[in-house]
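The exercises below are meant to be worked through with the sequence and the 3D view open. Try each task before reading its solution.

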Amino acid sequence: MDSLGTKLKQRYQKFLDDVVPFMVPRWLFVLGILFYFAYRIFSLEGWYISCYALAIFHLNLFIAFLSPKIDPSFELAESMDEDEGPSLPTSNSEEFRPFIRRLPEFKFWEQTVISTLIAIFTTFFDFFNVPVFWPILVMYFFILFFLTMKRQIKHMIKFKYLPFSHGKTKYKETAKEPVPAPVKKEEPLDESTLIPI
């Protein structure tokens, strides 16, 4: 039984390793299963709680995707307690630190797929179909979304980081031409410096 679990884990990890380079097809797959989930919700006219829970979970994943791994606000608080501590660069002469996400893109994709498949699975069981007034859930989700994104954008502005590479300065590579190796001129041997054997 233990070897079966190990084999399944290895196959799952091999599958994940194989799909890593295919970013666009992976996210198209996510869109496909999200459309299928939305189709089931609209056609069955129920399971709004599952939809709401999925939306909140995806919002949390998205915020983690946008957030830096090391929160600058915590570093600022620590550096105020101590006289020294790490901080973001404030001028061009300071060290560049790349943006490292709290939730990497691949983990974001993987957790989105798993959560969406679980939400689709719940639509096959009636006891997950809790009767609710869905417009209130939609309104509450949008309020939560806008307040959370407002806070995140203020955080980005305050600590001057951009989680996407789209608007960042790109430097052109200079075309490097191969430099020919210097040609040594062979000097004639001076026989007076040779040591006889």
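**Exercise 1. Place Y36 in its helix, and find the surface patch to which it belongs.**

Solution. Y36 lies in helix α2, which covers residues 23-44, where helices (H or I, at least four residues) and strands (E, at least two) are DSSP runs numbered from the N terminus. With a relative accessibility of 38%, Y36 counts as partly exposed, since buried means under 20% relative accessible area, exposed over 50%, and partly exposed in between (1.4 Å probe, protein chains only). Together with Y39, F121, F124, F125, F127 and F128, Y36 makes a nonpolar surface patch of about 780 Å². Such patches are made of residues with over 30% relative accessible area and no salt bridge, nonpolar side chains (Val, Leu, Ile, Met, Phe, Trp, Tyr) being joined within 5 Å and like charges within 9 Å. The areas come from the Shrake-Rupley method with a 1.4 Å probe, and for residues only the protein chains shown count as cover.

Before going on, note that this is a predicted model, in which local features need pLDDT of at least 70 and side-chain atom pairs count only at pLDDT 80 or more, while totals for chains, interfaces and linings use all residues. Residues are numbered from 1 along each chain as its sequence is written, and side-chain values use heavy atoms, with hydrogens and water left out.

**Exercise 2. Describe the secondary structure and the overall burial of the protein.**

Solution. The secondary structure comes to six helices and zero strands, so that the pattern along the sequence reads α-α-α-α-α-α. Of the 197 residues in the protein, 25% are buried. The accessible surface comes to about 16300 Å², and 66% of that belongs to carbon and sulfur atoms.

**Exercise 3. In the loop between α2 and α3, compare the phi and the accessibility of E45 and W47.**

Solution. Begin with the general expectation that most residues other than glycine have a negative phi. E45, in the loop between α2 and α3 (48-66), has a positive phi near 50°, and W47, in the loop between α2 and α3, has a positive phi near 60°. Turning to accessibility, E45 counts as exposed at 61%, whereas W47 counts as buried at 6%.

**Exercise 4. Which residues have the most contacts inside the largest nonpolar core, and which helices supply it?**

Solution. A nonpolar core is a set of buried Ala, Val, Leu, Ile, Met, Phe, Trp, Tyr and Cys residues joined through side-chain atoms within 4.5 Å. The largest one has 30 residues, and F37 and W109 are those with the most contacts inside it. At least two residues of this core come from each of α1 (2-19), α2, α3, α5 (105-122) and α6 (134-159), and the largest share, 10 residues, comes from α3. Leaving aside neighbours within four places in sequence, F37 is in contact (heavy atoms within 4.5 Å) with S50, C51, L54, A119, I120 and T123.

**Exercise 5. Trace how α6 meets residues of α3.**

Solution. First take α6, whose 26 residues reach 37 Å from the first C-alpha to the last, close to the 38 Å expected at 1.5 Å a residue, the expected span being 1.5 Å times one less than the number of residues. Among the buried residues of α6 are F141 and T148, with relative accessible areas of 18% for F141 and 15% for T148. Next, setting aside neighbours within four places in sequence, F141 is in contact with Y52, A55, I56 and L59, while T148 is in contact with L59 and I63. Finally, the buried residues of α3 include Y52, I56, L59 and I63, and what covers the buried residues of α3 includes α2, α5 and α6.

**Exercise 6. How many salt bridges are found in the whole structure, and where do they lie?**

Solution. A salt bridge is a side-chain nitrogen of Lys or Arg within 4 Å of a carboxyl oxygen of Asp or Glu, and the search finds three. D18 pairs with K14, the closest N and O atoms being 3.0 Å apart, and both lie in helix α1, four residues apart. E110 pairs with K107 at 3.4 Å, both lying in helix α5, three residues apart. R26 pairs with E105 at 3.1 Å; because R26 lies in helix α2 and E105 in helix α5, this pair ties together parts that are 79 residues apart in sequence.
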